[in-house]
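I opened a fresh page for this one and wrote things down as I looked them up. Here are my notes, in the order I took them.

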Amino acid sequence: KYAFMALSKNSGLAQCWGDSGSGGDCLGMDFAGVTSVYSTAFAFTALNKNSGLAQCWGDVEYGGSCRSIDFIGVTDVYSTKY
């Protein structure tokens with residue numbers, strides 16, 4: 001149950017595939033301005049380091065939700081395996 005993401009930072013377009021519950025579905029998400037993408041085994045975070053805006057998707061128990069997190073000033077994200 002793994003997922004993958006391919007991102008064009010120039011255009012902000014991405015493709016995600018694999019298990020949808022692990023982040024394999026990013027249809028309709030806007031990746032314009034994303035500077036970095038981080039992942040656990042079951043979730044992704046796309047971060048714009050310039051604006052502090054981030055999007056998280058995948059399994060919420062493994063980092064797939066970050067609505068309550070303030071990413072302003074964040075330069076790097078680290079994760080455990082899960």
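**Entry 1: burial, and the second disulfide.** Before anything else I fixed my terms: I call a residue buried when its relative accessible area is under 20%, exposed when that value is over 50%, and partly exposed in between. I also reminded myself that I am looking at a predicted model. With that cut-off, Cys-56 and Cys-66 both come out as buried. I found a disulfide joining Cys-56 to Cys-66, with an S to S distance of 2.1 Å. The torsion about that S-S bond is about 105 degrees, so I noted the disulfide of Cys-56 and Cys-66 as right-handed. It links distant parts of the chain: Cys-56 sits in strand β5 and Cys-66 in the segment after β5, ten residues apart.

**Entry 2: the other disulfide.** How many disulfides does the structure hold? I counted two. The remaining pair is Cys-16 and Cys-26, whose sulfur atoms lie 2.1 Å apart. I read 100 degrees about the S-S bond here, and the link of Cys-16 and Cys-26 is right-handed. This pair also connects distant parts of the chain, with Cys-16 in strand β2 and Cys-26 in the loop between β2 and β3, ten residues apart. I looked up burial too: Cys-16 is buried, and Cys-26 is buried as well. When I numbered the bonded cysteines in sequence order, the pairing read 1-2, 3-4.

**Entry 3: the sheet.** Next I traced the strands. Three of them form an open sheet in the order β3-β4-β5, with antiparallel pairing. Why is one side of β3 and of β5 left without a neighbour in the sheet? Both β3 (36-39) and β5 stand at the edges, and each has a single partner strand, so one side of each has no neighbour there. I noted a twist that averages 15 degrees from one strand to the next. As a general reminder to myself, strands of a sheet pair through backbone hydrogen bonds, either parallel or antiparallel.

**Entry 4: the hairpin.** I then followed β4 into β5. Strand β4 covers residues 43-48 and strand β5 covers residues 53-58; six bridges join the two, and they run antiparallel. Together β4 and β5 make a hairpin with four residues between them. In the turn I spotted Gly-52, which has a positive phi of about 80 degrees. For the register, I wrote down that Asn-48 stands opposite Leu-53 in β5. Thr-45 faces Cys-56 in β5, and I had already met Cys-56 as the disulfide partner of Cys-66.

**Entry 5: the surface.** Which residues form a nonpolar patch on the surface? I found Tyr-2, Phe-4 and Trp-17, with about 370 Å² of accessible area together. Trp-17 belongs to strand β2 (residues 13-18). Its relative accessible area is 42%, so I logged Trp-17 as partly exposed.

**Entry 6: a long-range pair.** Last, I looked at Tyr-62, which is in the segment after β5. Tyr-62 counts as partly exposed, at 33% relative accessibility. I paired Tyr-62 with Ser-22: these two are 40 residues apart in sequence and 8.8 Å apart in space, C-alpha to C-alpha.

Definitions and conventions: Residues are numbered from 1 along each chain as its sequence is written. This is a predicted model: local features need pLDDT of at least 70, side-chain atom pairs count only at pLDDT 80 or more; totals for chains, interfaces and linings use all residues. Side-chain values use heavy atoms; hydrogens and water are left out. Two strands pair if DSSP finds at least two bridges between them. Axes are lines fitted to C-alpha atoms, for helices over the stretch in contact, and angles run from 0 to 180 degrees between N-to-C directions. Patches are made of residues with over 30% relative accessible area and no salt bridge: like charges are joined within 9 Å, nonpolar side chains (Val, Leu, Ile, Met, Phe, Trp, Tyr) within 5 Å. Accessible areas come from the Shrake-Rupley method with a 1.4 Å probe; for residues, only the protein chains shown count as cover. A salt bridge is a side-chain nitrogen of Lys or Arg within 4 Å of a carboxyl oxygen of Asp or Glu. Buried means under 20% relative accessible area, exposed over 50%, partly exposed in between (1.4 Å probe, protein chains only). A disulfide is a pair of cysteine sulfur atoms within 2.5 Å.
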